[in-house]
Amino acid sequence: MHDAKSTFANLPSTPPRKGQAWRWYNENPEFKPKVLPNGTVINFSEWAKALPFVRIDGKPPRAEAVTDDVWMIHGFFYGPVIIERPEGLLVFSSGENEQDGKTFRDIIRRDISTKPIIALFYDHAHYAKGAASLLDGDRAMIIAHPDSDRTVQESGVLGKPNTPEMMPALEGLARIHFGTDMPSEGPDAKMGAASLDLGRKSAWLPTTRTLADGEAITVDGLEIQAFHAITDAEDSLTFWIPSLELVIDNVLWPCLPNLYTLRGDRYRGPENWIAALKKIRDLEPEVVLDVGGGATALIGKRLIKETTNAVIDACSFVYDQTIRLSNKGVRMQELRHHIVLPEHLRENPYVNELYGQCDSFPQAIASHAHGWFSGHAEDLHCLPRGVASRNWLELAGGEANVHAAYRAATARGEHLWAKDLAIVLTDVAPTNTTYRQALADTFRTLGRYSPGVITRNFYLAAARSLEGETTHTLGSVQDSDWVAADTGRAVAHLRTRLNPDDASGKEGVLAFDIDGERSALHIRNSVAEFVSDPDLHYRTPDAMIKTGTDLFVRYFRGETSAQAFVESTGADAQAALLLSLFDEYRQIPMYP
């Protein structure tokens, strides 16, 4: 019979004193952030470790030769790889937007060759949006994974949500993640090496040739084999060029793979990333060129094997220890206190946390495996946070005592405890500027202490929002191109804006005719059913809004009010009434 006692005999009863979440943030009086030339105040420890291996070096963008007829573009962490052949150029990756593609083409023409681009390879969907301006009329094959086009079309500015209707939340998070709306100078300035100016015009072009796992293609005499890799994008391809002993990939980043992303993109199974790393290792290449992750050329079979093994082992450690401790009954919220990368793994410069921090990974793995519930009964229900905070404040003897405890914790360098105390105060008095500033100050300190740029961005965005900045939001809105590309899809998404209180007791079918494309929403009390073809629905429309795409886009994006939208279309009072049951988009700050 299985002995449950032996299984849990080594269950850690309390978090280690210096667990992952404590490492930088609590009782660390010796640590001082670095001030960079643009004024940025940042924990530069992990950046310093990786700096020799990334293509962001403060120098102007340029192409650098790797081997004969092979170049990488430096100055962008996602600059493409270029291979020159007798008849033309092979380019791997096109950039994140139209301007990227133009910039890369200009660099290629200046530093490499004026030959036409005859083949463009998408290594994954994130950087497939500079294609048209990169090619600039060149008649090139466009080669990618079979899922690439669908991935781009179903994605927002960067991520592909599991639930498409959640795209506004994910796009708002993505802008924070990449520091898009952070200033360029000053203490809160973005870390330019890892920032993206999201939302710029796309120049994506669809693929003309797909490569599935293991398939090969010969272009201008050069054989290229593709291997499917699931990394930060499910359509990633690793390209293997046997004659050059060369790998081009989106796998071997110059930092710890981001096994969970705070912007909330799809779950990233460590086992998949590990498998992709093993594939590179086992090909035994002489050169590895990482396109999407920003690494410089990694050259030498032995060095490549040592590096890939180090990253494999670091990922395996996080994954296996998450499983081990979860099986021992450790709550997912506590895993970060137990799983700390050993120093022997951190010795390799590629095992660093300059992008994503290890303390954010284990909970995602555990929650993917068994959902939010820990299994401990006390986690089933709780008081609303505002009520709990009021109770804690009363127990502590009032606001003055809690505020005094906050100041004392800050003075002692107990920044995590200071954060919890400031949260109690802001929960109870959310408009109190003193308390809001206290929480903002703590968030800013935690951001400056964070080695990972993503974590830093979220802390600083929160601080700025508490101080009154309205730019950062947890609920964005899809861009105009997304809405116009499929107005029926946009109408379907409107159903998630129905206000159940306003719609209580009401029923009606509101039809839309948007430049001849017809669909409808059937409101029934507190839900709205999307109707793709009103002519086939069991209830005929009670009202119709006939409009052009441009006007509908402006309404959907909150650029024109529902009233102005209805008046502009000439729709009747019933249409106005039914449309008024839906929330109009308004950007809400992180901390209103």
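Start by selecting Ala511 and Ala520: the bridge partner of Ala511 in β17 is Ala520. Helices (H or I, at least four residues) and strands (E, at least two) are DSSP runs, numbered from the N terminus. The model is predicted, so local features need pLDDT of at least 70 and side-chain atom pairs count only at pLDDT 80 or more, while totals for chains, interfaces and linings use all residues. Residues are numbered from 1 along each chain as its sequence is written, and side-chain values use heavy atoms, with hydrogens and water left out.

**Stop 1: β16, β17 and β18**

Widen the selection to residues 507–514, strand β16, and residues 517–524, strand β17. The two strands pair in the antiparallel sense over eight bridges; two strands count as paired if DSSP finds at least two bridges between them. They form a hairpin with two residues between them, and Asp515 in the turn has a positive phi of about 50°.

Now add residues 527–531, which make up strand β18. This strand pairs with β17 in the antiparallel sense, over five bridges. To check the register, select His522, whose bridge partner in β18 is Glu529. The hairpin of β17 and β18 also has two residues between the strands, and here Asn525 takes a positive phi near 60°.

**Stop 2: the turn at Asp515**

Go back to Asp515, in the loop between β16 and β17. Is Asp515 buried or exposed? Asp515 is exposed, with a relative accessible area of 54%. The cut-offs are under 20% relative accessible area for buried and over 50% for exposed, with partly exposed in between (1.4 Å probe, protein chains only).

Add Asp486, Glu517 and Asp550: together with Asp515 they form a negative surface patch. Patches are made of residues with over 30% relative accessible area and no salt bridge, with like charges joined within 9 Å.

**Stop 3: β19 beside β16**

Select residues 543–547, strand β19. This strand runs parallel to β16, and five bridges join the two. Ala511 appears again here, with Met544 as its bridge partner in β19. Show the side chains of β19, which alternate along the strand. Ala543, Ile545 and Thr547 point to one face and are buried, whereas Met544 and Lys546 point to the other and are not.

Next, select Glu507 and Arg539, whose side chains meet in a salt bridge (3.4 Å, N to O). A salt bridge is a side-chain nitrogen of Lys or Arg within 4 Å of a carboxyl oxygen of Asp or Glu. The pair links distant parts of the chain, 32 residues apart: Glu507 is in strand β16 and Arg539 in the loop between β18 and β19. Glu507 is partly exposed at 41% relative accessible area, and Arg539 is partly exposed at 25%.

**Stop 4: more salt bridges**

A search of the whole structure finds 38 salt bridges. Select Arg444 and Asp188 for another of them, with N and O 2.9 Å apart. Arg444 lies in helix α15 (residues 433–449) and Asp188 in the loop between α7 (167–177) and β9 (209–210), so the pair ties together parts that are 256 residues apart in sequence. Arg444 is buried, with a relative accessible area of 13%. Asp188 is buried too, at 6%. Add Arg464, Glu467 and Glu469 to the selection: salt bridges that share partners join these residues, Asp188 and Arg444 into one network.

Then move to Arg150 and Asp147, which form a salt bridge with their closest N and O atoms 3.3 Å apart. Arg150 counts as partly exposed at 38% relative accessibility, and Asp147 is partly exposed at 29%.

**Stop 5: the sheet from β10 to β15**

Which strands form the open sheet, and in what order? The sheet has six strands in the order β10-β11-β12-β13-β14-β15, with mixed pairing. β10 (216–219) and β15 (298–299) stand at the edges with a single partner strand each, so one side of each is left without a neighbour in the sheet.

Within the sheet, select β13 (residues 246–249) and β14 (residues 287–290), which run parallel and are joined by four bridges. Ile248 has Leu289 as its bridge partner in β14.

**Stop 6: β3 and β4**

Finish at β3 (residues 62–67) and β4 (residues 70–74), antiparallel strands joined by five bridges. Thr67 stands opposite Val70 in β4. The hairpin has two residues between the strands, and Asp69 takes a positive phi near 65°.

Methods:
Patch = residues over 30% accessible without salt bridge, like charges linked within 9 Å, V, L, I, M, F, W, Y side chains within 5 Å. Areas by Shrake-Rupley, 256 points an atom, 1.4 Å probe, with all protein chains shown as cover. Lys, Arg positive; Asp, Glu negative; His and termini not counted. Charge placed at Lys NZ, Arg CZ, Asp CG, Glu CD.
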